[in-house]
Amino acid sequence: MLAKKMIKVFDGGLLSIPPPNTVWKGKVNMVSVAIMGHGVVGSGVAEILLTHKQKLFSNLGEEIYIKKILDLREFPDSPIADRFTKDFEEIVNDLEIRVVVEVMGGLNPAYDFVKRCLKAGKSVVTSNKELVAAHGAELLAIAKEENVNFMFEASVGGGIPIIRPMNQCLVANNVSEVAGILNGTTNFILTKMIEEGMQFEDALKLAQDLGFAERNPAADIEGHDACRKICILASLAYGKHVYPESVHTEGITKITLDDVNLAEAFGYVIKLIGKVKKLEGGKIDIITAPMLVPFKSQLSNIDNEFNGIMVRGDCTGDVVFYGKGAGKLPTASAVVADIVDCCKHLKARRFLFWADGDGKNIIDYRESVSAMFVRVTGDGALDKAESVFGEVNSVADGDMTALITPEMPYGVFEEKCTALEADGVKVLSAIRVGDI
């Protein structure tokens with residue numbers, strides 16, 4: 001005789017839950033899920049759950065049943081139009097819904113909704129990098145307290161597996177560094193500038209026309225999206241939450257074709273890089289900024305809307321993850337993988353956790369050491385630069401000179417640039433040289 005577990009419901013009665021994989025009157029036991037948001041990613045999640053039902057059943061042994069979809073709009077042509085709701089309470093108060101997917105984006109109302117779902121004993125899956133970067137430590141703590149899961153594979157790298165590999169496959173490694181091209185929009189723009197000689201504004205417009213960039217692209221081109229993602233990876237790698245406000249962030253809006261061409265003359269390409277490195281003493285050096293990436297680096301050939309993430313472990317050496325960092329089905333694929341994982345662990349937490357952080361483990365960006373690519377102009381620019389920076393590598397292009405300085409703390413570099421400009425040399429641009 002099959003044993004049933006009895007759990008209390010809100011009216012004081014009892015609800016019987018059959019053991020997993022139980023068949024009742026020819027019906028397969030199901031796990032009910034809800035999806036909050038039916039935009040690009042949300043509709044992709046629903047599509048995969050419906051069209052890949054048999055594939056997912058063979059992996060899980062249970063059917064994943066979409067019971068509710070939360071959206072303010074109506075979708076009368078959807079094959080599951082009857083399951084849409086505009087009322088979040090129908091999801092959070094439904095005991096049959098065990099896993100909730102948050103793909104609305106932003107912090108409001110996503111943060112409140114996710115928090116309430118976790119406290120109601122439901123596992124939550126999200127693709128929302130802004131949510132995880134801002135509240136990851138708190139939400140993970142609530143999930144631990146409630147013995148449920150909070151999973152967010154799709155929050156970094158879209159369809160590229162990175163959270164799970166770092167948390168499981170590389171667990172034997174001490175990770176010394178993580179660096180990556182974490183934003184497909186900026187990578188597309190820089191690729192067009194590098195390969196086709198397009199101006200920044202023209203490349204941005206093309207990215208918008210093709211759907212790679214939003215109408216308001218600030219979060220991408222100013223580096224905030226990539227910053228949120230490197231914060232999540234740093235929190236995972238080093239066990240303390242890193243808040244975006246603690247990370248020095250620069251975008252690509254000041255990169256010119258002169259920078260691109262002169263960087264190539266030195267054997268580099270320019271990429272927007274999110275990077276975190278563990279230093280002696282336990283502190284971390286974390287930044288999001290354009291960097292010169294050497295041709296020999298595995299990240300140098302990652303072009304267009306693709307992302308690439310390098311994890312440097314003491315046992316594995318460099319491991320690089322590559323793929324589409326965004327898009328409907330790639331991102332939805334990562335979300336569905338988390339859904340399946342949550343369904344497999346309804347009564348047992350997956351160990352995915354980091355503690356809250358106060359930023360005291362992060363060095364000031366002015367202390368960060370790197371070589372710098374500098375483009376200057378003015379009478380005697382090269383001689384004056386050598387007198388300020390010491391021995392440099394240089395390339396001349398008309399009345400401009402590009403040089404690469406020795407490694408130095410960024411604060412020292414700023415002081416030297418001030419001295420150089422006081423001597424009549426104009427600094428046109430300054431870009432970090434990435435050791436990746």
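Axes here are lines fitted to C-alpha atoms, for helices over the stretch in contact, and angles run from 0 to 180 degrees between N-to-C directions. The model used in both exercises is predicted.

**Exercise 1. Helices α1 and α12**

Describe how helix α1 packs on helix α12, giving the angle, the axis distance, the handedness and the contact residues.

Step 1. Helix α1 covers residues 40–51 and helix α12 covers residues 328–344. Their axes lie 8 Å apart, at an angle of about 60°.

Step 2. Angles of 65 to 115 degrees count as roughly perpendicular and those under 35 degrees as roughly parallel. The angle of about 60° therefore makes α1 oblique to α12.

Step 3. The two helices cross in a right-handed sense.

Step 4. On the α1 side the contact consists of V40, V41, S43, G44, V45, E47, I48 and L49. These meet K328, L329, T331, A332, S333, V335, V336 and I339 of α12.

Step 5. Sorted by class, the contact residues are 10 nonpolar, 4 polar and 2 charged.

**Exercise 2. Helices α5 and α10**

Work out the same description for helix α5 (residues 129–146) and helix α10 (residues 224–238).

Step 1. The axes come within 9 Å of each other and cross at roughly 50°.

Step 2. With that angle, α5 is therefore oblique to α10.

Step 3. The crossing of α5 and α10 is left-handed.

Step 4. From α5, the residues K129, E130, V132 and A133 take part; from α10, the partners are D225, R228, K229 and I232.

Step 5. The class count for this contact is 3 nonpolar, no polar and 5 charged residues.

Definitions and conventions: Residues numbered from 1 in each chain as written. Predicted model: local features only at pLDDT ≥ 70, side-chain atom pairs only at ≥ 80, totals over all residues. Heavy atoms only, no water. Helix = DSSP H or I, 4+ residues; strand = E, 2+ residues; numbered from the N terminus. Parallel < 35°, antiparallel > 145°, perpendicular 65-115°, else oblique. Left-handed = near helix turned anticlockwise from the far one by under 90°. Contact = heavy atoms within 4.5 Å. Nonpolar A, V, L, I, M, F, W, Y, C, P; charged D, E, K, R; others polar.
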